[in-house]
Amino acid sequence: MSSTDTIKILLNGKPNEIKAGLTVTELLTKWRMRPELVTVEINENILQKLDYETTKIKQGDKVEF
């Protein structure tokens, strides 16, 4: 995978590389988390569950779940 295919984020306080363009739902699936049971915070803002499908993770985002 080339560096243009991945982005660097902070996930639950730890540096992580993920595929560019992932949505919150896809990230949760990758980590075997059930979206309906998880609260997600991006850059210290709590995300509404309705937005999980459409919100893409961006370079440098701080994601907590």
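A residue counts as partly exposed when its relative accessible area falls between the 20% that bounds buried and the 50% above which it is exposed. Lysine 62 of this predicted model lands in that middle class, since its relative accessible area is 30%. Its salt-bridge partner is glutamate 44, with the N to O distance at 3.3 Å. The two sit in separate pieces of the fold: glutamate 44 is in the loop between strand 3 (41-42) and strand 4 (45-46), while lysine 62 belongs to strand 5 (residues 62-64), so this pair ties together parts 18 residues apart in sequence. Glutamate 44 itself comes out as exposed, at 58% relative accessibility.

That bridge is one of 3 salt bridges turned up by a search of the whole structure. Another joins the side chains of arginine 34 and glutamate 36, at 2.9 Å from N to O; here glutamate 36 has a relative accessible area of 47% and is therefore partly exposed. Lysine 8 and glutamate 17 also pair up, with 3.9 Å between their closest N and O atoms. Glutamate 17, at 45% relative accessibility, is again partly exposed.

Valine 24 tells another story. This residue is part of helix 1 (residues 24-30) and is buried, because its relative accessibility is just 1%. Setting aside neighbours within four places in sequence, valine 24 touches Val40, Ile42, Leu47, Tyr52, Thr55 and Ile57. For one of these contacts, valine 40, the C-alpha to C-alpha distance from valine 24 is 8.1 Å, across a sequence separation of 16 residues.

Conventions. Residues are numbered from 1 along each chain as its sequence is written. This is a predicted model: local features need pLDDT of at least 70, side-chain atom pairs count only at pLDDT 80 or more; totals for chains, interfaces and linings use all residues. Side-chain values use heavy atoms; hydrogens and water are left out. Helices (H or I, at least four residues) and strands (E, at least two) are DSSP runs, numbered from the N terminus. Buried means under 20% relative accessible area, exposed over 50%, partly exposed in between (1.4 Å probe, protein chains only). Contact means heavy atoms within 4.5 Å. A salt bridge is a side-chain nitrogen of Lys or Arg within 4 Å of a carboxyl oxygen of Asp or Glu.
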